Structures are given as C-alpha cells and as structure tokens.
Amino acid sequence: MTKATYWLEHAWLGDRVEPGVLVETGDGRIGAVRTGASVPPPGAEVLRGLTLPGLANAHSHAFHRALRGTVQIGSGTFWTWREVMYSVADRLTPDTYHALARAVYAEMALAGITCVGEFHYVHHAHGGTPYADPNAMGEALIAAAAEAGIRITLLDTCYLSAGFGRAPDTHQLRFSDGSAEAWAERCAALKERDHARIGAAIHSVRAVPADQLATVAHWAEERRAPLHVHLSEQTAENDACLAAHGRTPARLLADHGVLGPRTTGVHNTHLTDEDIALLGGSRTGTCMCPTTERDLADGIGPAAALQRAGSPLSLGSDSHAVIDLLEEARAMELNERLRTRTRGHWTAAALLRAATADGHAALGWDEAGRIEPGALADLTTIALDSVRTAGPEPRLGAETAVFAAGAADVRHTVVGGRRIVRDGAHTLVPDVPRALAAAVEALR
Ligand SMILES: [Zn+2]
C-alpha cells in the first residue's frame with residue numbers, strides 16, 4: 001500500500017489532545033508520529049478536527065439494520081421483537097445479505113467505525129440446508145466489509161437449540177450446524193485476510209447445550225481467536241439456566257472453560273455478585289450495547305462493577321437501532337448516572353479507550369486503536385466546528401467528542417492508511433443512503 005503523510009489538526013493520543021501532529025503511514029501501518037507541526041507540510045493529507053484512533057464496533061448483527069423504524073410500532077418485550085427479527089432473517093440470501101451488509105458497513109465507516117465484530121449466525125438456507133459453499137453467508141459478510149473499506153472479525157456463531165433441551169424451531173434451523181463438531185468443521189474452512197479475522201461465538205447458553213460449550217471454547221483456544229457470547233441479557237435466560245443446570249449462565253460458562261481473556265460476554269446485564277467476580281477474575285471482557293439494551297428494554301448492566309472486578313469494556317451497536325459509537329460511549333456513562341444519581345463514573349478518555357483500543361482487542365486486533373508507531377493506520381476525525389461541537393476549547397476535544405458529538409460529526413475515516421470517508425462522503429460506496437434503502441426494500 002502507498003505511503004501517505006496525514007496532518008492532524010488535533011490528535012487524541014490516549015491521554016491528551018495534541019495540536020499539530022504528523023502521522024506517516026506505509027503498508028497500512030503508522031510509521032512515525034511527530035508532534036509540533038503547527039501547519040500542514042506540502043503534500044500532507046489534512047485532517048481538520050480531532051482525530052481519534054479508528055472506532056471498533058465490537059458487536060453487530062448486520063441484518064438487524066433492516067428492522068430500524070419498523071420495530072418501533074406497538075408495545076412488547078425482547079421476545080416479541082425477536083419474532084419480527086426472525087421474519088427478516090428468514091428472507092436473507094447470500095446476495096441480499098451481501099448488499100445489506102455492504103450498505104450497513106458503509107454506514108459504519110461514515111460513523112467513524114474502522115472495524116466491526118460481526119456476530120454471525122444465519123448460516124444455512126431454509127430448513128438448515130447448507131449452501132453449495134457452506135460458508136456462503138459468512139463470505140458475503142467478509143466481502144461486504146472489504147467493499148465498504150472496513151475491517152471485520154467474523155465471529156462465526158454456534159447456535160444449536162431453541163432453549164435448554166429444546167431442538168431449534170423453524171426459524172432457527174438456518175442457524176444450526178447440528179452439533180458443535182459440525183460447526184467447528186465448517187468454520188475451519190474460513191480463511192483470514194488482510195481486512196478479515198475469524199473468531200468464534202456461542203450464541204448464548206440457551207442456544208448451545210452445556211455439553212457442547214467446550215468444543216467451541218477449544219476451537220477458539222487452539223487458534224487464539226476471540227470468543228464472544230451473549231450473556232444474561234434477559235432474566236428469562238437466567239431463570240431457565242438455573243432451572244436446567246442449577247447455576248447461572250456465567251457459572252455454567254466458567255464450568256465449561258469458556259471464560260478467559262480472549263472471551264467477551266455481550267450485554268452481561270443481569271448478573272449476581274459471584275458472576276461479576278467470575279467474569280472480572282478471569283479477565284473476560286464485557287461488550288456493552290447501550291442503545292440496543294435500552295431499545296429492547298433489557299435493563300442496565302453493571303459495567304462499572306465489571307470493570308472494577310477486572311473485565312475490560314468494549315462497545316457495540318448490536319441491533320443498529322442507531323449506529324453511533326460516540327452515543328454508545330456516552331450512554332454507558334449516562335446510564336450509570338441515572339442508576340446511581342452521581343456523575344463521572346468514566347472519564348472521556350476511559351470511554352474512548354473502550355471505543356478504540358479495548359474494542360479492537362476484544363476483536364483480536366491488538367495492534368489497532370492507538371495513534372502510535374507500529375499500530376494499524378486507522379483514524380477517525382471528528383469535526384470540532386459543527387453546530388454540535390463548536391465552542392469548547394480544543395483541549396476538551398475528548399469530552400466534546402464523547403458527550404456532544406455524534407456519527408454526523410465524523411468528517412474523515414482512514415483504514416489501513418487509505419481514506420475511506422472524505423469530508424463526510426464515502427469514497428467507495430457512492431450513495432450510502434440509497435444503498436441502504438435498496439437493500440432494506442429487497443427484504444420487505
Ligand atoms: Zn447481539
């Protein structure tokens with residue numbers, strides 16, 4: 001890949017805003033970072049605003065984007081929402097999924113997201129019949145990310161049962177490989193690429209029988225790959241797990257070797273003190289998805305207590321009710337304020353760490369999420385002169401970005417040293433709203 005020099009009007013260096021920073025890139029990585037460049041040198045690419053490391057969206061189901069708006073009519077619960085979600089899943093094919101995911105990942109790039117963790121479970125054709133390429137759906141997602149210019153960790157998801165001791169229902173047949181062994185065999189055929197890594201996921205303790213959890217954990221362990229799992233999002237899951245196994249979902253995962261530093265629990269909403277100690281003590285990560293958790297009336301997870309116990313935090317837009325990592329970051333803090341009636345549980349720097357370095361680490365990209373030599377050259381520039389962000393001193397750029405800015409303030413996105421978004425326009429997908437509309441319409 002070609003070399004380039006970027007001039008950052010203001011750069012977030014992890015602990016401070018630095019004015020006038022030169023970032024040299026080559027072969028997709030940052031070569032040098034020089035401070036004290038008050039004006040852009042000739043030939044430099046100018047990034048005006050506050051440049052952050054690229055944002056990591058650690059939890060996505062791309063097809064849920066087709067539900068936006070339509071699921072806001074009427075009342076219900078997570079479980080009634082799930083019925084609507086399944087009806088969209090029923091209509092996906094490799095082609096329609098590719099078109100939708102390409103548009104959704106382009107929306108993510110416009111929101112400053114440079115890497116997505118796709119928690120992928122719609123594997124097979126109707127009735128569970130494999131496609132000619134059994135990984136056709138996963139390959140469609142990997143190709144979509146490449147075309148949208150972002151990185152992906154395909155978290156290929158094992159999904160085998162409708163509940164404890166219950167065979168998959170009609171909708172879920174598309175998700176199931178029949179056994180964890182068969183899941184492992186299919187996933188072994190997925191190849192990593194420059195922009196794509198392969199990880200594993202356990203849909204939930206509802207969807208993978210206890211005696212098959214270790215097979216998935218072992219697959220991830222052998223490859224040193226990330227392993228994600230939806231955990232205790234709903235109290236009904238906890239109740240059913242207690243009834244079936246006499247222990248909480250977190251305890252069940254611990255007992256089958258699922259927890260550890262490469263594992264991330266997604267949501268971690270309804271936990272006991274012992275669960276929090278298990279997750280923190282094993283350095284299992286926590287991916288909070290606050291905009292989805294509030295949309296689905298899940299509840300507020302104990303993110304602060306989890307982090308204190310030792311669980312690193314990441315953030316995801318999950319159901320894509322909105323795609324805005326800055327909103328996810330501030331929502332985590334603001335939820336905690338509402339619950340505790342006190343302010344300041346996380347600094348803006350800590351929230352940005354969850355959205356950048358720790359999010360990337362949860363997806364197996366430890367070399368991304370920092371503006372420093374050797375890191376991947378992934379950058380996101382937030383306008384500091386928009387109607388939302390104008391006013392504060394530049395040294396308060398992190399606070400402004402997290403607590404006032406949104407996806408609409410993302411001006412530039414650079415992935416691997418290449419400009420994917422320039423002045424708010426995607427450079428690879430010419431009309432992202434139109435691509436989204438067409439892809440959603442095709443599933444209606
Ligand atoms: Zn999810």
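Begin with the cysteines: counting as a disulfide any pair of cysteine sulfur atoms within 2.5 Å, the total for this structure is zero. The structure is a predicted model, in which local features need pLDDT of at least 70 and side-chain atom pairs count only at pLDDT 80 or more, while totals for chains, interfaces and linings use all residues. Residues are numbered from 1 along each chain as its sequence is written, and side-chain values use heavy atoms, with hydrogens and water left out.

Select Cys-115 together with Cys-287, which holds the closest cysteine sulfur; the two sulfurs are 12 Å apart, too far for a bond. Cys-115 is buried, its relative accessible area being 0%, where buried means under 20% relative accessible area, exposed over 50%, and partly exposed in between (1.4 Å probe, protein chains only). Cys-241 is likewise in no disulfide, since the nearest cysteine sulfur, in Cys-158, lies 16 Å away, and Cys-241 is buried with a relative accessible area of 0%.

Next, colour the strands E3-E2-E1-E4-E13-E14-E15-E16, which in that order make up an open sheet of eight strands with mixed pairing. Helices (H or I, at least four residues) and strands (E, at least two) are DSSP runs numbered from the N terminus, and two strands pair if DSSP finds at least two bridges between them. At the edges stand strand E3 (29-34) and strand E16 (425-426), and because each has a single partner strand, one side of each is left without a neighbour in the sheet. Within this sheet, zoom in on strand E14 (residues 410-415) and strand E15 (residues 418-422), which pair in the antiparallel sense over three bridges; Val-415 has Arg-418, in E15, as its bridge partner.

Move now to Gly-265, in strand E10 (residues 263-267), a residue that is buried at a relative accessible area of 0%. Which residues does Gly-265 contact, leaving aside its neighbours within four places in sequence? Taking contact as heavy atoms within 4.5 Å, select Val-229, Leu-231, Thr-284, Gly-285, Thr-286 and Cys-287. For a sense of distance, draw a line from the C-alpha of Gly-265 to that of Ile-420: they are 30 Å apart in space and 155 residues apart in sequence.

The last stops are salt bridges, each defined as a side-chain nitrogen of Lys or Arg within 4 Å of a carboxyl oxygen of Asp or Glu, and the count comes to 31. Show the side chains of Glu-237 and Arg-206, which meet in a salt bridge with an N to O distance of 3.1 Å. Glu-237 lies in helix H6 (residues 235-245) and Arg-206 in the loop between strand E8 (196-202) and helix H5 (210-223), so the pair ties together parts that are 31 residues apart in sequence. Glu-237 is buried at 2% relative accessibility, and Arg-206 is buried at 10%.

Then select Arg-262 and Glu-221, whose closest N and O atoms are 3.2 Å apart in a salt bridge. This pair links the loop between helix H7 (249-255) and E10, where Arg-262 sits, to Glu-221 in helix H5, 41 residues apart. Arg-262 is partly exposed at 27%, and Glu-221 is partly exposed at 45%.

Finish with Arg-251 and Glu-274, a salt bridge of 2.7 Å, N to O, that links helix H7 to helix H8 (residues 273-281) across 23 residues. Extend the selection to Arg-247 and Asp-255, since salt bridges that share partners join Arg-247, Arg-251, Asp-255 and Glu-274 into one network.
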